[in-house]
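User: I am new to reading protein models. Please take a close look at one hairpin here, then show me how other parts of the model are put together.

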2 protein chains.
Amino acid sequence: MSDTQYRVTFQPQGTAVSVLAGTTILEAAAGAGLVIDTPCGGVGTCGKCKIRIARGETDPSEADHQFFSVEELRDGWRLACQTTVHCDIVVQVLATSLFGADHQIVNQSAVSGSREVLPSIRKLYVELASPSLEDDVSDMVRLEREIGPFETDLSLLRRLPKRLRGFGFKGTAVLADHRLLDFEDGDTTGRCYGVAFDLGTTTMVASLLDLCSGQQMAVASELNPQVVFGDDVLARIKHSSSCSHCLDELRAVVVEESSKMIRNLCEEVGVDSEHIYEVAYAGNTTMQHLLCGLDSSQLGEMPFAPAYSRGLLLSSREMEIPINPHGLVYVFPVIGGFVGGDTVAGILATELDSTDGPVLMIDIGTNGEIVLSYNGELWAASTAAGPAFEGARISCGTRASRGAIEKVALDEDVQIGVIGNVQPMGICGSGLVDLTAELLRRRIVSPEGRLLHNTDLPADVPQALADRVVTDDNEQTLFVVAQPEAALQRPVVLTQRDIREMQLGCGAIKAGIAIVLRNAGVRASDLAAVFIAGGFGSFIRRSNAQRIGLIPSEVDHQNIHYVGNVSLSGAQWALLSVEARERGEQLARRTHHVELSMSGDFQSEFAEAMMFADE
Amino acid sequence: MSDTQYRVTFQPQGTAVSVLAGTTILEAAAGAGLVIDTPCGGVGTCGKCKIRIARGETDPSEADHQFFSVEELRDGWRLACQTTVHCDIVVQVLATSLFGADHQIVNQSAVSGSREVLPSIRKLYVELASPSLEDDVSDMVRLEREIGPFETDLSLLRRLPKRLRGFGFKGTAVLADHRLLDFEDGDTTGRCYGVAFDLGTTTMVASLLDLCSGQQMAVASELNPQVVFGDDVLARIKHSSSCSHCLDELRAVVVEESSKMIRNLCEEVGVDSEHIYEVAYAGNTTMQHLLCGLDSSQLGEMPFAPAYSRGLLLSSREMEIPINPHGLVYVFPVIGGFVGGDTVAGILATELDSTDGPVLMIDIGTNGEIVLSYNGELWAASTAAGPAFEGARISCGTRASRGAIEKVALDEDVQIGVIGNVQPMGICGSGLVDLTAELLRRRIVSPEGRLLHNTDLPADVPQALADRVVTDDNEQTLFVVAQPEAALQRPVVLTQRDIREMQLGCGAIKAGIAIVLRNAGVRASDLAAVFIAGGFGSFIRRSNAQRIGLIPSEVDHQNIHYVGNVSLSGAQWALLSVEARERGEQLARRTHHVELSMSGDFQSEFAEAMMFADE
C-alpha cells in the first residue's frame, strides 16, 4: 500500500501522466487521453490492448503468458489491461491498439486520426523593412504587407510601435484567424500552445496541447469546485440566483480552478503561459453559462432556454483566464438548455454524424447525454442521472481516486479492486455498477430494487455473502462491501437508499434512450453500435452496465465501444482545427433537441425503467 | 460692455448656440455649425447673407437699409454679417444663404446637403414571442429572428436573459452594423444620439447629433487641455515619451475634457448620455494617437510613421468615454504622420475629391493642412504653421474668445473690433492677420518683416499711427494696438518677435502650398477655387489673407470660399452615414501624402516664402 505517484510516458504520442502505484496502464492511458481498445472489457481475454514497455520494470501477468512468447515478454510486450505501474515507465502504443483504428473514428489522442491540424492560432515569423522617408506607411500596414489584413485590440496597438522598433522590425506575429493577438521578439513560431477543458458538473479535465504538432503535452483533472454549492446543475442554477453575488461566486471559483490547472500544466512541462493563446471549453449548457457569468436562472425554469447557442469567442482578459493577455477563450455552441457543448464536442470527436447505421452514444455523468445518429440525422437528449455514477449522493460513494473500490465481483465472497491498491475508503461509479449488477445476479437485490433481508435471501447465496447483509440500528438493511482494517475506520457499505439512487440514475438513462430511439423510429435491436463516453465510461464492465439497464441489452458486446472522454477530445479538436470548430457549430445547429420533459411518456417510461430487468 | 450670453436658435435646422452679447449672427451661425456664404467677406456689401429674425429685437444697420425695403426690415430681414445679438433670438436661414447651396458641396449643417442620413447605429423596437416548450431556442437566436444575426460583448450577453424577461420580451435593440450594443425597455427608437469631435491641437469642438434626424442639437468648444504640456504636436510627442506615465497623462486629460464636454452637451439639451451610442473623433495624427494612448514617440522622428492608418472602432468602455457603456468610439483614418483624420474629414465634408478643376483647401490651425484636388486625384501636406494663428506664442495673443481683438483696420488711427464688445485683452488670429496685412499696406512693416523704427516710417503714415510705434525698455520696437483703459491693465501690443512668428506661420503655409501645387503640376493661377477651412478660417478677411501670403494672390476673391470647421463636419458625417465613413476610409488610402520634409526644395521655398510680397 503506497500513495507514491509514478510517471507514465506514452510513445509515439509524447503524452505523459502521473498515476498512483497499482494503476493499470489501460487506466493511465485513458488519463493521458489515449483510449486503448478493449473488446473484452479489460479482463485480459481478447489480447487487443497490446503495448510494449520501453523503459521500466513490470512483471508479466498470467494473461500475458497466454498472449506473448517468452521472447516477446522479455522485449517488454504486455497487455495494457493487466499491467500495473510500480515505477516510472515509458510505454509504446501500437496505432492498431488505439480505439478507432479500425473504425475510422478519431480517438482521443490529439495527434492520431485522419484530421489535419490547422488551428485558428497561427504564428508567423516576419522580417519587415524599416520605415524610411520613401516608405513611411503606418506600422499596421507595414505588418499587414507581410501577414495580411488584421484586426487587433487597443492594448496591443498601443504597444506595437515600441515593439516593432525594439525588436528591429523582426519578430513573430500571433494570429487567430484575422486577429493579431501578439507580436513577439525573435522567432517563437515553435512555442504555440492551447488548453482544452472538459468542464463537467463534478469533474474538470484540462489538456495542454502543442498547437504546432497537435500533441497533448500534459493532462490534469480536478473536482469542479462548484460542487460545494450543489452537486447537480439545478442546485447550481438555484444557487446562482439566490443572492446578488452568487452567480459571480460560481463563475469565480471555476475560473480560479481553471487558472490553477493551467498554471500546474505549464509548470509540469515547462511552458510559459504567455505562449498559450487559446483555451476551449466544452461542458453542459449550465456549466458553460456559469463559466461565462451568464445569467442562468432561466435554465432552471421551463422551457429552459439558454442565453446563447452559437459558440462564443471571448477575450482571455475579460474571462480572467491567465494565458496570453490578448488570448482567446472559445466556449462551445449548445444544442439546448440541457444538451450542451460537451455533447457537441462528443459528436465532433467521434464523427458520430458520419457513422453508418443507427449508432447511439451515451455519455454517463451527473447528466446522462444520449445522442443517436441515423441516416445523417442527429437526435440528442439529456437526462438527470444524478451524481451517483460519479460517487456522490451514495453513503460510501467517492470519486474514482485513490482508495476507491472500482471493481466488484461476487463469488463465494466479495472480490474488490481498489485504486492504488490501498485500504478501501469508499466506492466509485464503476464499482457501484459492478456491485449493483452482481447483487441482482445473486438475487440479493430484487428486480424491483429491494435489498432483501438476511432472512429472505435465496438458498444459493454463499454464507460469506449472506453474512454481509445486515440490519443497522435504524432497522435499515445494508450490504457490507469491505470491513475496516483499523479500529477507527468505518466499513464500506451499500444501503437500500444507495440502490434507489442507482435505480433513479439507471432509470433516467434507460428511459432517455427509449424516448430518443422512439423519436427517431429506431429499435434497440437495430443499433449497429453503442459508444460509451465519459471518464467513467472507460472502466465499467459492459455486461454489468447492460444488466442494470445503462446499455440496451439487445446490443452485442462487440458493438459496444468505449470512446473515452469525448467532450475533452472535441474541445481539443476545436483548438486544433478551424474546420472542426466550424463543423461543431453546424452540428449544434442541426442536431434535433429531444426535450424529455416534453415527451408525455417520459414519466411512465421512467417509472418502468426504474425496475431492473428480471433474468 | 457685458458678458451676458444669449441663445440663438436657427430655423429650420433647430440648432441653437449660446453667444456673448455683440456677436454677429454670422459668427453665431458658424458656432452652430452653419456656414453662411459671404462672398464680400462679411463687410455688408454683397447682400448674400440674408436671414430673417423670427423672434427677438435687433436694430437694422446702415447696410440693411441698402438691401431691404422698410417692409422687409419690419418683417425681420437682416444681413447676418451686420447684425449683432443683444437678446435671445430665433433666426430663419434661407437655404440659398448657406455655403455650398450653389456648389453642391455639403455645408456644415448636419441636416442639409444631399447625403442620406443612414448611420451605423440603428434602433429597432421588437416584440418577441415568449419561449415555450415548442419554441425553446436560445435568447440570442430569438432576438436574431427579428433583427438579424449579431455579435455582442460578454457584458451585455450576461444581462440579456434577465432583461428580455424583465421587459416582457419587448424592447429596443441598439445595433452598430451587426453588433448588438444594448437592449432597452420599451420603445426608445426616438432617442439615439452621437457626438462628433474636432480634436484640434489647441481647440476641441464637440457636436451632439440626433442620429434619427441628423440634426445637431448642441455644440461646444474648449481649449485642448494638453496645451499645458506644449503648444504644438512636437512638444506633445516629446512630453509623451519623457516619462513612463506621460503618455497616459496626455491621454487622460483629453479624455477627461471630452467627458466634461459630453456631459455639458447632454445637460444643455436634456439628453441621457446612455442614449449616446457612438462618438467620432477627427484630429491630426498625433492628437488621435494621444487620444487612444498609442505610443507616439515614432511620430516625432523621421520618417514619422504612424502606428495605424485605417480608422479605429473602439469600445467606449476601453476608451473611458462616458456614453452608453457598450458604445463605440470611431477614430478617423490618417493619411500620414502629419496628415491626419481632420484632413480626411475635411475632404469628406467638402467632397473636395469630386470638384471640377484644381481646387485647393487650406485648413489654417496650429498645423496648416493643405489639400489639392485635381483630375480625380488628391494631394495632401501638413505644415507646422505654429500656434500664432490661434493666438499662441504671440506676446498679446489670445484665443478667439471674449475680449479678443478680432478685426483691425488702419486709417487715420487704429479701428478694432473686439469679441463681446468689451475692453480688449489681447489679439486673436484673425486680428493678427488684419493687423499684419494693414501694417504691411501702410509700410510700417517692411516686406522683409521688419517693424520700422518710429523715425524710419514713410511720410504718409498718419501721426496717430506713427505715435503707436514705440520703443520699449529693451530697445525693442512695438506697435501699440490698444491702450489700457484702467490703471492696472497693460496695453495690447505687437512686437517685432510677434511679426516674426506670423512670418514663420505664413511662410510655412505659403511654401506648403507651392510644393503641393508643384507636385501636382498645377499653377496657382489655374486654381478654380480655394476653400478656407478651420474655425479661424471663417473670419479672416480674404484680401488680408492674400496680402500676407496665406492664400495665393492669383485667386480671384469670388473663388475663395469659407467652408468652416470641416473637420467637425466630416466627423458628423462619419456618425450619420456608413457610406460616408467608408468613403473616408477610401479617401485616406488614395490621397497622396506630400511629405514636405522630403521635398529638397522646402527649405529654400520656405526661406523665400518668409518674405512678404512687395506691393
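Analyst: Start with a definition: two strands count as paired if DSSP finds at least two bridges between them. Keep in mind that this model is predicted.

Now the hairpin. β16(B) and β17(B) form it, with 3 residues between them. β16(B) covers residues 359-363 of chain B. β17(B) covers residues 367-374, and 5 bridges join the two strands, which run antiparallel. To find one matched position, look at D363(B), which stands opposite E369(B) in β17(B).

β16(B) has another partner. What is the sense of its pairing with β25(B), residues 529-533 of chain B? The sense is parallel, and the pairing runs over 5 bridges. Here L360(B) stands opposite V530(B). Thus β16(B) pairs antiparallel with β17(B) and parallel with β25(B).

Is β16(B) covered or open? A residue is buried if 20 or more other C-beta atoms lie within 10 Å of its own. In β16(B), 5 of the 5 residues are buried, and the strand is mostly covered. Take the two directions in turn. V359(B), M361(B) and D363(B) point one way, L360(B) and I362(B) point the other way, and all are buried.

Move to chain A and look at β25 there. Strand β16(A), residues 359-363, pairs with β25(A) in the parallel sense over 5 bridges. V359(A) stands opposite A529(A) in β25(A). β25(A) is also joined to β26(A), residues 560-564, by 4 bridges, and these two strands run parallel. One match between them sets A533(A) opposite G564(A).

How many of the residues of β25(A), 529-533, are buried? The count is 5 of the 5, so the strand is largely enclosed by the rest of the structure. Both of its faces are covered. A529(A), F531(A) and A533(A) are buried on one side. V530(A) and I532(A) are buried on the other.

Contrast that with a residue in a helix. Q463(A) sits in helix α12(A), residues 463-466. Q463(A) has 9 C-beta neighbours inside 10 Å, so it counts as exposed. Its C-alpha atom and that of S567(A) are separated by 45 Å. Along the chain, these two residues are 104 residues apart.

Next, an open sheet in chain A. It has 5 strands, in the order β2-β1-β5-β3-β4, and the pairing is mixed. β2(A), residues 16-20, and β4(A), residues 77-79, stand at the edges with a single partner strand each, so one side of each lacks a neighbour in the sheet. Direction ignored, neighbouring strands of this sheet are turned by 35° against each other on average. Zoom in on one pair. β1(A), residues 5-11, and β2(A) pair in the antiparallel sense over 5 bridges. In that pair, R7(A) has S18(A) as its bridge partner.

Helices pack too. Two packed helices are described by the angle between their axes and the distance between the axes. In chain B, take α10(B), residues 341-350, and α16(B), residues 578-590. Their axes come within 9 Å and cross at roughly 120°. That makes α10(B) oblique to α16(B). The crossing is right-handed. On the α10(B) side, V344(B), A345(B), I347(B) and L348(B) take part. They meet A580(B), R583(B), G584(B), L587(B) and A588(B) of α16(B).

Last, the two chains together. Chain A can be laid on chain B by a turn of 180° and a shift of 0.0 Å along the axis, with an RMSD of 0.1 Å. That is the relation of a two-fold axis. Which residue of chain A comes closest to the rotation axis? E318(A) does, with its C-alpha at 5.9 Å. The same surface serves both copies, as 100% of the contact residues of chain A recur in chain B.

The contact itself involves 36 residues of chain A and 36 residues of chain B. On the side of chain A that touches chain B, α4(A), residues 139-147, and α5(A), residues 154-166, are the elements that give two or more residues. The largest share of that side, 8 residues, comes from α5(A).

Note on methods
Residues are numbered from 1 along each chain as its sequence is written. Chains are lettered from A and ligands numbered from 1 in the order in which they are written. This is a predicted model: local features need pLDDT of at least 70, side-chain atom pairs count only at pLDDT 80 or more; totals for chains, interfaces and linings use all residues. Axes are lines fitted to C-alpha atoms, for helices over the stretch in contact, and angles run from 0 to 180 degrees between N-to-C directions. Copies are superposed by least squares on the C-alpha atoms of residues with pLDDT of at least 70 in both. Two residues are in contact if their C-beta atoms, placed from the backbone, lie within 7 Å. A residue is buried if 20 or more other C-beta atoms lie within 10 Å of its own, exposed if 12 or fewer, and partly exposed in between; C-beta atoms are placed from the backbone. Angles under 35 degrees count as roughly parallel, over 145 as roughly antiparallel, 65 to 115 as roughly perpendicular and the rest as oblique. A crossing is left-handed if the near helix is turned anticlockwise from the far one by less than a right angle, and right-handed if clockwise.
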